[in-house]
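User: I have a model to go through with you. Please set each value against its definition.

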Amino acid sequence: MEYKAFLKSAANVVPSKRQLAWYDMQFYAFVHFTVNTYTDLEWGLGDEPESIFNPTELDCDQWVEAVKSAGMKGIILTAKHHDGFCLWQTSTTEHCVKNSPWKNGMGDVVKECAEACKRGGIKFGVYLSPWDRNSPLYGTPAYNDYYCEQLTELLSKYGDIFMVWFDGACGEGPNGKKQEYDFERYIKIIRELQPEAVIFNDFGPDVRWCGNEAGSARRGEWAVVPHDLCLRCEKQTEGKLVEGNLKYLYNPAESIGDLSVIQYADGLSFCGAEIDMSIRPGWFYHENEKPHSLERLFGTYLNSCGNNTSFNLNIPPMPNGKFNQADVERLKELGELINSSFGDDKRISFSAEEIPMQSETQRRIRLSFENEEDVAFVELKENIAKGQRVEIFRILAPTYEDALWNGSTGDVIFNGYTVGNRKICPVNSHTRAIEIQVLSARDTVDFKDIIVYRK
Ligand code: FUL
């Protein structure tokens, strides 16, 4: 394909309706809770007695209030982690809450959490670990039937599900065997029972893993990536799920969606990344751990929600079933910092002037403020429904206060790579005007919004 035509085609790979809804979510919570909470482990062994699970003060409304205070819009609960213990009243196994002393075996954490989310006006999602260290079926074809039954229960008994989070881990089961996961079948069930839900997996089909659990971001995040990275979307493969064969090569790569990589791909998929990390070092609660600093969490927020990915932040409940007060406070501080940084009162009004360019893929937009301002952030939003286009951009401020732009090119206050759904550019500049320059893009650039925030 001719080079420019290829670029244009890459720029016009668009998200599905459910992927667009996921972009709106931006920031949501993971809740890791299981027998590990009582054994101090990160990966349960699968032979834990049900009797240890006893969250006597379980309070999912407290979870919901806490995550809302940080501005998060949903909770994804580990309905089953690698240890195989099910947090809901399942008919598929005895290794579940019904054999625990909690509420005399009548409790259901999935139900309580789903209902609390509904009451609190946020969305609910489920994590169901394919790796199961308890099920004797694991490692045989019958395990896929078992897993599908569990999925069916979760997706039909607890109302709307916004995300199904598949964990890529595939270790040995109790009989020493590994399982071949039938993702095609799992995905079919999700599409049937919860057509609005996005599916997270290391490699899509809807949302992919960012490649680390430390909250680190790429320099820029492309949502359009090689087919060979992803479980391909149904439309592109006429209903068949195809697994990319280069996924392990691509996944942690810094250059995943760069032109230098995608030009060699035999097809492209729209599959944005999620950044997942825990508020503490572990995914599960350990008494000796402390929440990460506000700076680190806010930095990760900027690098995820402000870098064309979503942010899935885990908060682990304590053995009594509540979030630790230190986590609750950190979430509140985080929410306050996000609100005070990006609140309406922080918006600087401006008049915008478009400077005509010869190339249709370049832009210069000059923003002038009424007074000098201490600018903290510039936020750019592409109309992602039409595809992701901006490659390289920069932001400049006039060098001299009085010169504005006359004859001077200005100082570069931000060098950017990729925009996408939302790019937050920390600029930290005292100025009366700025200029946004798009130096290269894959097609014409459609900015849905440009917002400037003062300190
Ligand atoms: C990993 C798991 O092994 C961890 O325990 C945790 O659930 C994390 C989100 O995904 O693959």
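**Surface, fold and ligand site**

Analyst: About 18600 Å² of the chain is exposed, and carbon and sulfur atoms supply 49% of that. Accessible areas come from the Shrake-Rupley method with a 1.4 Å probe; for residues, only the protein chains shown count as cover. The model is predicted: local features need pLDDT of at least 70, side-chain atom pairs pLDDT 80 or more, while totals for chains, interfaces and linings use all residues. Residues are numbered from 1 along each chain as its sequence is written, and side-chain values use heavy atoms, without hydrogens and water.

User: How many helices and strands does the chain have, and what makes it as compact as a globular protein of that length?

Analyst: The chain has 11 helices and 16 strands. Its radius of gyration is 24 Å, and the globule rule gives 23 Å for 455 residues; the values are close, so the chain is as compact as a globular protein of that length. The radius is taken over C-alpha atoms, and the rule is 2.2 Å times the number of residues to the power 0.38.

User: What makes the contact of histidine 82 with the ligand a polar one?

Analyst: A polar contact is a pair of N or O atoms within 3.5 Å. An N or O atom in the histidine 82 side chain is 2.8 Å from a ligand oxygen, so the pair qualifies. Tryptophan 43 places a polar side-chain atom 2.9 Å from a ligand oxygen. For glutamate 213 the distance is 3.5 Å. The protein covers 90% of the 300 Å² of accessible area that the ligand has on its own.

Key. Polar contact = N/O pair within 3.5 Å; in protein donor to acceptor, adjacent residues only side chain to side chain. Helix = DSSP H or I, 4+ residues; strand = E, 2+ residues; numbered from the N terminus.
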